[in-house]
Number of protein chains: 2
Amino acid sequence: MATPESGATLESVATVAGVSRQTVSNVLNAPERVAPETRQRVEDAIRELRYRPNRSARSLRTRISRLVGYCVQPTPAGNLNPVLDRFVHAVTESAAEHGFHVLLFTAPAGTAGLDRYAELLAQRAVDGFVLADTVVADPRPGWLTEQGVPFVAFGRSWSGPDIGRWVDVDGAAGMTEAVEHLHALGHRRIAFIGWPEGSGVGDDRVAGYTAACLRLGLDPRVVRAEGGAETGRALAGALLDGDGAQEPPTALVCVSDESAYGALRALADRGLRPGEDVAVVGFDDTPAARLPGVDLTSLSQPIEQIGRESVLMLLGLLGVVETPPGPEHRLLRPSLVVRASSRPAVPPTEA
Amino acid sequence: MATPESGATLESVATVAGVSRQTVSNVLNAPERVAPETRQRVEDAIRELRYRPNRSARSLRTRISRLVGYCVQPTPAGNLNPVLDRFVHAVTESAAEHGFHVLLFTAPAGTAGLDRYAELLAQRAVDGFVLADTVVADPRPGWLTEQGVPFVAFGRSWSGPDIGRWVDVDGAAGMTEAVEHLHALGHRRIAFIGWPEGSGVGDDRVAGYTAACLRLGLDPRVVRAEGGAETGRALAGALLDGDGAQEPPTALVCVSDESAYGALRALADRGLRPGEDVAVVGFDDTPAARLPGVDLTSLSQPIEQIGRESVLMLLGLLGVVETPPGPEHRLLRPSLVVRASSRPAVPPTEA
DNA sequence: CTGAAAGCGCTTACAG
DNA sequence: CTGAAAGCGCTTACAG
């Protein structure tokens, strides 16, 4: 029995099957060229020897590595949103369906990191990249396009021209759904706890909130500060305490779960019950949202789908799969996971 | 200017430098064999052409892929402990310091997944593996050892003979530290909320707790049930309500943060204040532990260090780095992160 | 349909 | 110290 290390080659398979190396190669790469009985003999030999083509030899010859580059960023300590674990898994699994694997590397953020991408390309180590952790004014899409390198980004270009292919979450649509959900429960004073202007993601989410409010005839009310749970707590606290001019909101839509956890804390500080006295909705559906005593309603991103679609787009670019005749972008809707923080309905405070 | 795609080769570098291909190769792999001025000329040419050796060609020749295999498991939905994000980053970064990259793949759990490992080996796609998500009776260490494949596991073998190299967290030491911390705060009735017997990790942690109690003259009191926050809530609730025979504990040490979040909820259910009325300690230092209103004391695993040490051990096995003359195992201590859930001290309830 | 030839880009003994 | 030769394992035209 051949062990994985036994090192069957095209040559040894050919000998066993009584054909030439090329015929074995043809069975692998162009089976229709080989007569059925010959093919059968070769396939038997392959099975018997547990033969697998040497990846390096194949890559050297075809100039295709069947490797997709993915840059892992250091997870910030205390990051609540372990989205990339799931994303990377989905990417890896989808890639495997087409004989591709994922090559991980690290790189500094910004322009300084481009060298690492260049090095992998110079080494012909990868055929293309899946980009994550995209930021406003990310230099990578432009640079990769310049170099003619296939890539797909998780996250659209938020500034400048819209370069390259991407898959992203429709944050605006998610926030619209959150507002509609709260409106249906009877809420009429729904405030938004957001980030400062200028973050693409945050601006997108607040836009969805505002649009929904206007469509439903509600007054949008947006407060902003740099993210963080303590910030959310402070912003929510100020809203709940009121400022004399405006009545406090009965529902808080938060740009992230992180802010929402702060908002929940602000409720607790004041003896208010989430869902009963004031509704709270977050974004990301982080793991802590489902904990007993938290039970936060939140928008869940379709991460697995984003991973799959990213790979499909990239393999289309590489000519490995039929490119679907679709657009260069895919915007996927998050889904609202309703938990106790927005139940039961608060009785409408205004007729 | 050479673009990454321009495809400088050993040949083109040799032409520019006016030497033969072999000399260029020597500059790269055995610079001491080349005369200084020749070397300089070659290095200039390399820089000018932005030359990088083709990885496939090099691998084909040397039979070393400079790739480490890592299997990504699907993250269970709602998993609170995004440890692998950090682990993978540390592994990738450490590997890069020695010219290695990480190749990601997926595989079913258990014996069924061994095929994927075998396939990568047959393809000569990787030189070895870093194993994570190790479980009791994991078939991988034994199988890889049989095949003579280099690997290092994050997590020791909990059953059967202790096979291969591993790096792990000293859960027992962590729990001992937790008990000592609580004892120093004045607690004398410290209970442990654990998992059912038979999980290596859980047994290790409870052992550390028990040992510390006995050493400090405290009565160990262990309750167990399948993990989960709701379970922790129920177990903690029963302890806090007392059973007539024993006074309720003043501190709860939990086998995981997940259980601890449930315990915190049990406190809240009874109007008890964490840290003031009853202390709670978890394990994993999950991101939610630092949220306002949670503030859970917990044991933090030195994940980055585990990743680095795993890579170093593996590269030692591969002969890439000097193998430190140490043992085949490394047991690293977690560190206690003290937060409000174990502060301020509860006055000792018994003299 | 099948097989002999060339070559992908590198490294490793081995002569000179 | 430097260079000519062989070969890693594959695929791709191209003859037969």
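## A strand pair across the two chains

In this predicted model, strand β2 of chain A, residues 101-105, is joined to β2(B) by three bridges, and the two strands run antiparallel. If you would like a spot to start looking, try Leu104(A), which stands opposite Val102(B) in β2(B).

## The wider contact between chain A and chain B

Stepping back from the strands, the contact draws 58 residues from chain B and 58 residues from chain A. About 5,100 Å² is buried between chain B and chain A, and carbon and sulfur atoms give 62% of that area. The interface also has four salt bridges. Arg290(B), for instance, forms a salt bridge with Glu258(A), where the closest N and O atoms are 3.1 Å apart. Polar contacts add to the picture, with 11 residue pairs found across the interface of chain B and chain A, both residues being at pLDDT 80 or more.

Which elements of chain B each supply at least two residues of the side that touches chain A? They are α4 (55-62), α5 (83-96), β2 (101-105), α6 (114-122), α7 (139-147), α10 (229-241) and α11 (257-269). With seven residues, α5(B) gives the most to this side of chain B. Sorted by class, the side of chain B that touches chain A holds 28 nonpolar, 16 polar and 14 charged residues.

## Around DNA strand D

Now for the DNA. Strand D is surrounded by 28 residues, and the closest are Arg21(A), Arg61(A), Gln22(B), Thr38(B) and Arg63(B). Of the strand D atoms within 4 Å of the protein, 58% belong to sugar or phosphate, with the rest belonging to bases.

A few polar contacts are worth a close look. On the base side, a polar backbone atom of Ala57(A) is 3.3 Å from a base nitrogen of DNA strand D, and a polar side-chain atom of Arg61(B) lies 3.2 Å from a base nitrogen of this strand. On the phosphate side, a backbone N or O atom of Arg33(B) lies 3.3 Å from a phosphate oxygen of DNA strand D. The elements giving two or more residues to the surface near DNA strand D are α2 (21-29) and α4 (55-62) of chain A, together with α2 (21-29) and α4 of chain B. Here α4(A) gives the most, with five residues. By class, this surface has nine nonpolar, 10 polar and nine charged residues.

## Around DNA strand C

DNA strand C has 28 residues around it, of which Gln22(A), Thr38(A), Arg63(A), Arg21(B) and Arg61(B) come nearest. Sugar and phosphate make up 57% of the strand C atoms that come within 4 Å of the protein.

Which residues reach phosphate oxygens of this strand? Among them is Ser20(A), with a polar backbone atom 3.2 Å from a phosphate oxygen of DNA strand C. From chain B, a polar backbone atom of Leu10(B) is 2.4 Å from a phosphate oxygen of this strand, while Arg58(B) uses an N or O atom of its side chain, 2.8 Å from a phosphate oxygen. The surface near DNA strand C takes two or more residues from each of α2 and α4 of chain A and α2 and α4 of chain B. For this strand α4(B) gives the most, with five residues. The class make-up of the surface near DNA strand C is nine nonpolar, 10 polar and nine charged residues.

Conventions: Residues numbered from 1 in each chain as written. Chains lettered and ligands numbered in written order. Predicted model: local features only at pLDDT ≥ 70, side-chain atom pairs only at ≥ 80, totals over all residues. Heavy atoms only, no water. Contact = heavy atoms within 4.5 Å. Buried area = accessible area lost by both parts, 1.4 Å probe. Salt bridge = Lys/Arg side-chain N within 4 Å of Asp/Glu carboxyl O. Polar contact = N/O pair within 3.5 Å; in protein donor to acceptor, adjacent residues only side chain to side chain. Helix = DSSP H or I, 4+ residues; strand = E, 2+ residues; numbered from the N terminus. Nonpolar A, V, L, I, M, F, W, Y, C, P; charged D, E, K, R; others polar. Pairing = 2+ DSSP bridges. Near = heavy atom within 4 Å.
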